[in-house]
Amino acid sequence: MTNPVVLIAEELSPATRAALGDGVDVRTVDGTDRVALLDAVSDVDALLVRSATTVDTEVFQHAPKLKAVARAGVGLDNVDVDAATSAGVMVINAPTSNTVSAAELAIAHMLAGLRHIAEASASTKDGRWERKQLTGLELFEKTVGIVGFGRIGQLVAERLQPFGVELLCYDPYVSKARAAEFSVTSVTLEELMRRADILTIHMPKTPETTGMIGADQFAVAKPSLHVVNAARGGLIDEDALYDALTTGQIRSAGLDVFSAEPPSASESASRLLTLPNVTLTPHLGASTDEAQERAGVAVAKSVRLALAGELVPDAVNVSGGEIAKSVRPGIALADRMGQVFTALADYSPSKLKVIVRGEIAEKDVSAVKLSALRGVFRPIVDQTVSYVNAPVLAEQRDIDVELVTDTHSERFRNEIELRGTLSSGRIVSVVGTLASKTQEHKLVGINGHQLDVPLSDHMLVITYRDRPGIVGQIGAVLGGAGSNIAGMQVSREADSGSEALVALNLDRPATGELAATVQSSIDATRAAAVNVSY
């Protein structure tokens, strides 16, 4: 078996390469060389980039084996997530890698603006000694307003506490109680703008947040206000900011991000370059050695998970979130149960329930549903099926998929059932569990028949009218075909002549032809070849 190929399209740290570990072939290419990139992705399994490589529909069309694209950083402006999802490619980033760096830069801009650091450095290097002209302000006892109180906003608050400041925040998705845990008072945006001596913004950029700090907000601000944006360009209306800075409506600003980058590319942003009361940096929020290494190592570890067929909690185009330790063993089981379901159903269901019972039902088991869907489609579509595009495939086939949880399980500590309704009205049900400390995959129910048989790679499942001699006939057919029976279990009802079901573990792959021969020889109701993989 050949090793998966990982293509690195931009310079990444040695620690990133080390985190990829053994068992992968690492190649490199200049991601900004479009022709070279398209040629290099033709047989790769994963692609690692930073911000300079554009990953779009054309790249996915040239990369039929691609399973994951990883951006070693927070943003994804250079990756077409929708195109990746359609292609079944997982998109990974490192959402927490630069949080400390961004928080520290915001505070650096506060101090630099209050103390004229940039202007003082330039004038001193120019031979001037302007102590009086560059008298600044202390951060002590000032009121700092934090707009956006997520990870970075909270880090800013924690780091500002020792400065002896009053902290306000505005975030419609954070409760007052949560803000109070950081000794921060949650207020409206208008109140924050009225009271703040320093404003720092840490919101994501969305249609709702674009331009959220504009002329109306500056109109109620103190003339001493210092504005910091180290989050996303466009959150502050740059024309309104320019007017407020040039008319004395506010004191100063520190900006790391702009609506267009570099800011010289935009008329509104470029005007800010001329102002002496603005400190500017070229989008340095994540530009520390530590942040870059954290980002690279984080995505490398996620790529390894993706290549192993595991769910990646931080994948941006996969729902599911963090997977509890107790839930993880059920992910592979759900995938294999999906494959069993498809083998028994013959057709895609119109409705599918993924039912999780037992202790793990107390956790978030949405990843189990994704894995089950992946298993259902793997045997029947000619494209790579991933956790990303499995829900898309279900939607395209108009399959109504439902996740049901029940903390009570009668027979086992935990069990996973797939129950589907076919267009004919026939219901197909398969139930599995994890047994003993080894977490062995067991098949414990099929269409109402109780079993307790290992879920092996190769099986035959046969339903027939119960009568003497049938098992012997099945054995004779399999022996004649050179298929050895590794194990079997019969599930039968008490009444003679009723339906029985036998599940056989085989040493070699079961074929549809073999199943059809067995079905014909014993006049079985149904015989299905089941071949599953990890």
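Colleague: Let's start with helices α14 and α15 in this predicted model. How do you know that they pack together, and what are the values for their axes?

Modeller: The axes of α14 (residues 329-345) and α15 (residues 366-377) come within 6 Å and cross at roughly 35°. The crossing is right-handed. On the α14 side, the contact is made by Ile331, Ala332, Ala334, Asp335, Gly338, Gln339, Phe341 and Thr342. On the α15 side, Ala367, Val368, Ser371, Ala372, Arg374, Gly375 and Val376 take part.

Colleague: What makes up that contact of α14 with α15, by class?

Modeller: There are 8 nonpolar, 5 polar and 2 charged residues. Asp and Arg count as charged, so Asp335 of α14 and Arg374 of α15 fall in that class.

Colleague: Now to another pair. Why is α5 called oblique to α7?

Modeller: Their axes cross at roughly 55° and come within 9 Å. Roughly parallel would need an angle under 35 degrees, and roughly perpendicular starts at 65. The value of roughly 55° fits neither class, so α5 is oblique to α7.

Colleague: Which hand does the crossing of α5 and α7 have, right or left?

Modeller: The crossing is right-handed. From α5 (residues 99-114), the residues that meet α7 are Thr99, Val100, Ala102, Ala103, Ala106, Ile107 and Met110. Their partners in α7 (residues 151-160) are Arg151, Ile152, Leu155, Val156, Arg159 and Leu160. By class, this contact has 10 nonpolar, 1 polar and 2 charged residues.

Colleague: On to single residues, then. Why is threonine 143 called buried?

Modeller: Its relative accessible area is 8%, and buried means under 20%. The value falls below that cut-off, so threonine 143 is buried. Threonine 143 sits in strand β6 (residues 143-147). Beyond four places in sequence, it touches Glu166, Leu168, Arg195, Ala196, Asp197 and Ile198.

Colleague: How do you know that threonine 143 makes a polar contact with glutamate 166?

Modeller: The two side chains are joined by a contact of 3.1 Å. The cut-off for a pair of N or O atoms is within 3.5 Å, so 3.1 Å meets the distance condition.

Colleague: And why is valine 471 called partly exposed?

Modeller: The relative accessible area of valine 471 is 36%. Buried would be under 20% and exposed over 50%. With 36% in between, valine 471 is therefore partly exposed.

Colleague: Where is valine 471, and what does it touch?

Modeller: Valine 471 lies in helix α17 (residues 470-480). Leaving aside neighbours within four places in sequence, it is in contact with Tyr464, Met488 and Val490. Valine 490 is 19 residues away in sequence and 8.9 Å away in space, C-alpha to C-alpha.

Terms used: Residues numbered from 1 in each chain as written. Predicted model: local features only at pLDDT ≥ 70, side-chain atom pairs only at ≥ 80, totals over all residues. Heavy atoms only, no water. Helix = DSSP H or I, 4+ residues; strand = E, 2+ residues; numbered from the N terminus. Buried < 20%, exposed > 50% of the residue type's maximum accessible area, 1.4 Å probe, protein only. Polar contact = N/O pair within 3.5 Å; in protein donor to acceptor, adjacent residues only side chain to side chain. Contact = heavy atoms within 4.5 Å. Axes fitted to C-alpha atoms, helices over the stretch in contact; angles between N-to-C directions. Parallel < 35°, antiparallel > 145°, perpendicular 65-115°, else oblique. Left-handed = near helix turned anticlockwise from the far one by under 90°.
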